[in-house]
Amino acid sequence: MLGSSQYSSRRQEQKDKMNDVKLAVLGGEGTGKSALTVRFLTKRFIGEYASNFESIYSKHLYLEGKQLNLEIYDPCSQPQKAKFSLTSELHWADGFVIVYDISDRSSFAFAKALIYRIREPQTSHCKRAVESAVILVGNKQDLCHIREVGWEEGQKLALDNRCQFCELSAAEQSLEVEMMFIRIIKDILTNFKLKEKRRPSGSKSMAKLINNVFGKRRKSV
Ligand SMILES: Nc1nc2c(ncn2[C@@H]2O[C@H](COP(=O)(O)OP(=O)(O)OP(=O)(O)O)[C@@H](O)[C@H]2O)c(=O)[nH]1
Ligand SMILES: [Mg+2]
């Protein structure tokens, strides 16, 4: 059984965890994962991005009255990697930005497979009491004259799989990219709160009991 000090340090640990937000940006090769990430972090679009190494970027963010430690995982293209055995990413991340290129149908198929993988029952229940937050992003909207994937298709895939959806252009839209990241981060924070609520009520009442007993004793000393 936990002592009151152990209990409160565990509560603190949990609170700290709630301020750590881990986001993975996944999608087919060349869809603009790095461009979106760099746009969000620096507000710039530099055109060419190294794709031979994976990166985890950190950013401090103040949102909904909280100081957040955001980590963004931007993978490198690894065609040899078993396409959907993303086990470590799936366990690591609290939320996902799934990117496809609206001018490349095969990237949409790839995004669909990723979403199915994330929503597989054994994936979504192994670590979580609540489904992961996911936003599907149709990037390169500036190339809509050579569009291969309709807006409605993206919207439907997202709706059918309980994901958010937007189309945008990392090349031309800084504010939209920022809003997209904020949207998914807010969803993750909502999930954290839900998880907190769904902790077994038995442990909550036990914690209350411990606090009452130890709290009262401390007062009387
Ligand atoms: N027209 C247009 N090009 C874009 C956009 N976003 C990215 N690109 C271009 O698409 C190419 C690939 O972008 P990256 O950001 O490297 O894509 P990635 O998904 O990180 O690629 P890998 O890491 O190789 O898988 C680059 O030439 C970018 O300049 C966009 O919104 N519009
Ligand atoms: Mg990249």
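**Helix 6**

I looked up the exposed side of helix 6 in this predicted model. Glu 152, Lys 156, Leu 159 and Asp 160 are exposed there. I then turned to the other side, where Gly 154, Leu 157 and Ala 158 are buried. I checked how these three are placed around the axis: they span an arc of only 95 degrees, so they sit on the same side of helix 6. I asked what covers the buried residues of helix 6. The cover includes helix 4 (105-119), strand 5 (133-139) and strand 6.

**After helix 6**

I followed the chain past the end of helix 6. Asn 161 lies in the loop that runs from helix 6 (151-160) to strand 6 (164-167). Is Asn 161 buried, exposed or partly exposed? I find 17 C-beta neighbours inside 10 Å; a residue needs 20 or more to be buried and 12 or fewer to be exposed, so Asn 161 counts as partly exposed. Leaving out residues up to four places away in sequence, I note that Asn 161 touches Ile 115 and Arg 119. I also looked up Tyr 116, which is 45 residues from Asn 161 in sequence, with 7.9 Å between their C-alpha atoms. For the backbone just after helix 6, I noted a positive phi of about 55 degrees at Arg 162.

**Ligand 1**

I next listed the surroundings of ligand 1. The shell holds 21 residues, of which Gly 32, Ser 34, Ala 35, Ser 51 and Ala 171 come nearest. By class I have 6 nonpolar, 10 polar and 5 charged residues in this shell. Which element gives the most to the shell? Helix 2 (residues 33-42) does, with 3 residues.

**Helix 2 against helix 7**

I stayed with helix 2 and looked up its packing on helix 7 (residues 174-197). The two pack at an angle of about 95 degrees, and their axes are 9 Å apart. An angle of 65 to 115 degrees counts as roughly perpendicular, so I enter helix 2 as roughly perpendicular to helix 7. I then noted which residues make the contact: helix 2 supplies Leu 36, Arg 39 and Phe 40, while helix 7 supplies Ser 174, Val 177, Glu 178 and Phe 181. By class, I record 4 nonpolar, 1 polar and 2 charged residues in the contact of helix 2 with helix 7.

Methods:
Residues are numbered from 1 along each chain as its sequence is written. Chains are lettered from A and ligands numbered from 1 in the order in which they are written. This is a predicted model: local features need pLDDT of at least 70, side-chain atom pairs count only at pLDDT 80 or more; totals for chains, interfaces and linings use all residues. Helices (H or I, at least four residues) and strands (E, at least two) are DSSP runs, numbered from the N terminus. Two residues are in contact if their C-beta atoms, placed from the backbone, lie within 7 Å. The arc is that of the directions from the helix axis to the C-beta atoms. A residue is near a molecule or strand if its C-beta atom, placed from the backbone, lies within 6 Å of it. Ala, Val, Leu, Ile, Met, Phe, Trp, Tyr, Cys and Pro count as nonpolar, Asp, Glu, Lys and Arg as charged, and the others, Gly among them, as polar. Axes are lines fitted to C-alpha atoms, for helices over the stretch in contact, and angles run from 0 to 180 degrees between N-to-C directions. Angles under 35 degrees count as roughly parallel, over 145 as roughly antiparallel, 65 to 115 as roughly perpendicular and the rest as oblique.
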